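Trainee: I have a model open and would like to work through it piece by piece. Can we take it as questions and answers?

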Amino acid sequence: MGEKLGILLCVWFMLWGFCVGRFVVEKNSLRVTSPSLKGAYECAIGNFGVPQYGGTMGGIVVYPKTNQKACKSFDDISFKSKPGGLPTFLLVDRGDCYFTLKAWNAQNGGAAAILVADDRNEPLITMDTPEEEKADADYLQNITIPSALISKSVGDSIKKALASGEMVNINLDWTEALPHPDERVEYEFWTNSNDECGPKCDSQIDFVKNFKGAAQILEKKGYTQFTPHYITWYCPEAFILSKQCKSQCINHGRYCAPDPEQDFSRGYDGKDVVVQNLRQACFYKVANESGKPWLWWDYVTDFAIRCPMNEKKYTEECSNHVIQSLGVDLKEIEKCVGDPTADVDNPVLKAEQESQIGKGSRGDVTILPTLVINNRQYRGKLDKVAVLKAICAGFEETTEPAICLSEDIETNECLNNNGGCWQDKAANVTACKDTFRGRVCECPLVQGVKFVGDGYTYCEASGALHCGINNGGCWKKTQDGRTYSACVDDSKSCKCPPGFKGDGVHTCEDVDECKERRACQCPECSCKNTWGSYECSCSYGLLYMQEHDICINSGKANTAVSWSFVWIIILGLAAAGVGGYAVYKYRIRRYMDSEIRAIMAQYMPLDNQGEVPNHLPHGNV
């Protein structure tokens, strides 16, 4: 009776968490180009297979005459398209078997995608993988074709068109399935440390191991911001003191997880899972605060390998060994974990429960594991390549990191006819830029030189350095050890250099200055044409002056002129010296004369002074 009550409680936790929430069905676009059905319709992305996030896929629809629910294999018919033909989209009806089995049978039959028509009039739902333990994990992980659920009305319309003999062409479009606003992608991974929950636990552990390398590259270089999350439930207040709640919950029933083995009499309890989930969340918190959030991937991978439940190593001691091996502060993690037995809130787990509630376009997290990319829930196979494609679809076009443009992730459309963009093969310059979503034709920036144009029919180099790229598209040639170019750095036009004539783009021909009598025409001149210039010599040992196009005396004539110039300077300096000396002597003499006259004036009258009388008048005697 106690075991049944425990199972009932576990189901109650799950229903309580799910039913009060808001589940959002992630959708993509289905566009029909056939005349009677032309238009765009919504379809729900299946939570298995590989949706072509960021891309499109076109094909023709086939509705089988038998096995219309695709619950059995298609042994007698092949849906594989012939060379040159469009891919086949297999339309099947809902019901009688798992969605995944329908997709598996369609894939084995050669279909490129599967469309499941709903059998009831209702809002679209998400096709998920089966929860049963007997589900074959290998079979689920091997589904690679995309899947979509369409409404009953759309399915009936397609069947009617096919029955009338009309060919129905459909284009599945995932380009806007994920927002792609900027050069960084934010994504969350809702996971669980439990490794005994069957195929889903196995698939998420395998995913973490395989995706770790790519995730760490993206995180270290700042291309992504990753956050791990963990789902917990709370125990209903009426059952907090029950044995079952105590075994599945910590912090007085606030944070709970189902029993790993669904058997309360053996193995680990749900509270053990909650504690390990909390330790992983705290590990990320401490590592992120130290600037190394990518270490979370190492910890989770190492913990899964070193501390499995089936080897009885799913313990705090084993966890501590892994933490210490990665060099993360264990004391800070223990401080973050706190006391699981205390009747208090744990800040980390409380924040996790609040994060489970959907915000904006993202619904509540109810499926485990769940990947959320740019606030949209990922739908599809939990596989390294499939998830990486979805993350790459979240980058703004032309900002994707190199890992998104590898051959395993996308096809380089620039390799086929240069993507229809402008190209200069001689300079090895192209306007085609490969992106995850396809390609763009955009004039490039090469070696500091900006090309301008429409990117499709032409691009022209511009700026001061444009001659460094294919010589600016102008003529250039080297001959006899000389190189001439028609490119001018400060001009967009091509102009043949002096000594040449032509259009400057395709040709520049040497001008024969001698024949055309443009230079070296003086009587004593002898002209010889060279490539790009000319040579002019003078007879009788004369010297040619190009700026005046004349021949002048060289040697003695030049020497005589030079010495004459020197003697003129010397004589000029001598004359200046004599003149200066004469002025000096004259000034000294005048100065001396004035001094002598002043002295003599004190003792005797000078010639230029009147005679002074030396007797008194008679009247005064």
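Mentor: We will go through the core, a helix, some strands and two polar residues; keep in mind that the model is predicted.

Trainee: Start with the largest nonpolar core. Which residues touch the most other members?

Mentor: In general, nonpolar side chains in soluble globular proteins tend to be buried together. Here the largest nonpolar core holds 84 residues. Those touching the most other members are Ile170 and Phe211.

Trainee: Which helix gives the most to this core?

Mentor: The top contribution is 9 residues. They come from a helix spanning residues 270–289. That is helix H7.

Trainee: What does Phe211 contact, leaving aside its neighbours within four places in sequence?

Mentor: Take out those sequence neighbours and look at what remains. Tyr187 and Trp297 are among the contacts of Phe211. The others are Lys384, Val387, Leu388 and Ile391.

Trainee: How many residues are in the other core, the one that includes Leu90 and Ala106?

Mentor: That core lies apart from the 84-residue one. Tyr139 and Ile143 are also among its members. Its count is 20 residues.

Trainee: Back to H7. How many of its residues are buried?

Mentor: H7 has 20 residues and reaches 29 Å from its first C-alpha to its last. That is close to the 28 Å expected at 1.5 Å a residue. After H7 comes Gly291, with a positive phi near 85°. The helix is mostly covered, and its buried count is 14 of 20.

Trainee: Now the strands. Do S8 and S9 run parallel or antiparallel?

Mentor: S8 covers residues 185–191, and S9 covers residues 224–230. Of the 7 residues in S9, 5 are buried. Between S8 and S9 there are 7 bridges, and the strands run parallel.

Trainee: Which residue in S9 stands opposite Trp190, and which helix does the chain cross through from S8 to S9?

Mentor: Trp190 faces His229. From S8 the chain makes a right-handed β-α-β crossover to S9. The helix it passes through, residues 199–220, is H5.

Trainee: In the open sheet S18-S19-S20, which strands stand at the edges?

Mentor: The pairing in this three-stranded sheet is antiparallel. S19 is joined to S20 by 4 bridges, and one pair is Gly453 with Cys459. An edge strand here has a single partner, so one of its sides is left without a neighbour in the sheet. The edges are S18 and S20.

Trainee: Is Arg379 buried or exposed?

Mentor: Arg379 lies in the loop between strand S13 and helix H12. Its side chain makes a polar contact of 3.0 Å with that of Gln377. Its relative accessible area is 1%. The cut-off for burial is under 20%, so Arg379 is buried.

Trainee: Why does Asp510 count as partly exposed?

Mentor: Asp510 sits in strand S24. Buried means under 20%, exposed over 50%. Asp510 falls in between, because its relative accessibility is 25%.

Trainee: Which backbone nitrogen lies 2.7 Å from a polar atom of the Asp510 side chain?

Mentor: The contacts of Asp510 beyond four places in sequence include Gly499, Phe500, Thr530 and Trp531. Its side chain also joins that of Asn529 in a polar contact of 3.1 Å. The nitrogen at 2.7 Å belongs to Gly532.

Trainee: How far apart in space are Asp510 and Pro498?

Mentor: In sequence, 12 residues separate Asp510 from Pro498. In space, C-alpha to C-alpha, the distance is 9.3 Å.

Methods
Residues are numbered from 1 along each chain as its sequence is written. This is a predicted model: local features need pLDDT of at least 70, side-chain atom pairs count only at pLDDT 80 or more; totals for chains, interfaces and linings use all residues. Side-chain values use heavy atoms; hydrogens and water are left out. A nonpolar core is a set of buried Ala, Val, Leu, Ile, Met, Phe, Trp, Tyr and Cys residues joined through side-chain atoms within 4.5 Å. Buried means under 20% relative accessible area, exposed over 50%, partly exposed in between (1.4 Å probe, protein chains only). Helices (H or I, at least four residues) and strands (E, at least two) are DSSP runs, numbered from the N terminus. Contact means heavy atoms within 4.5 Å. A polar contact is a pair of N or O atoms within 3.5 Å; within protein, one must be able to donate a hydrogen and the other to accept it, and residues adjacent in sequence count only if both atoms are side-chain atoms. Two strands pair if DSSP finds at least two bridges between them. A crossover is right-handed if, with the strands pointing away from the viewer, the path from the first strand over the helix to the second runs clockwise. The expected span of a helix is 1.5 Å times one less than its number of residues.
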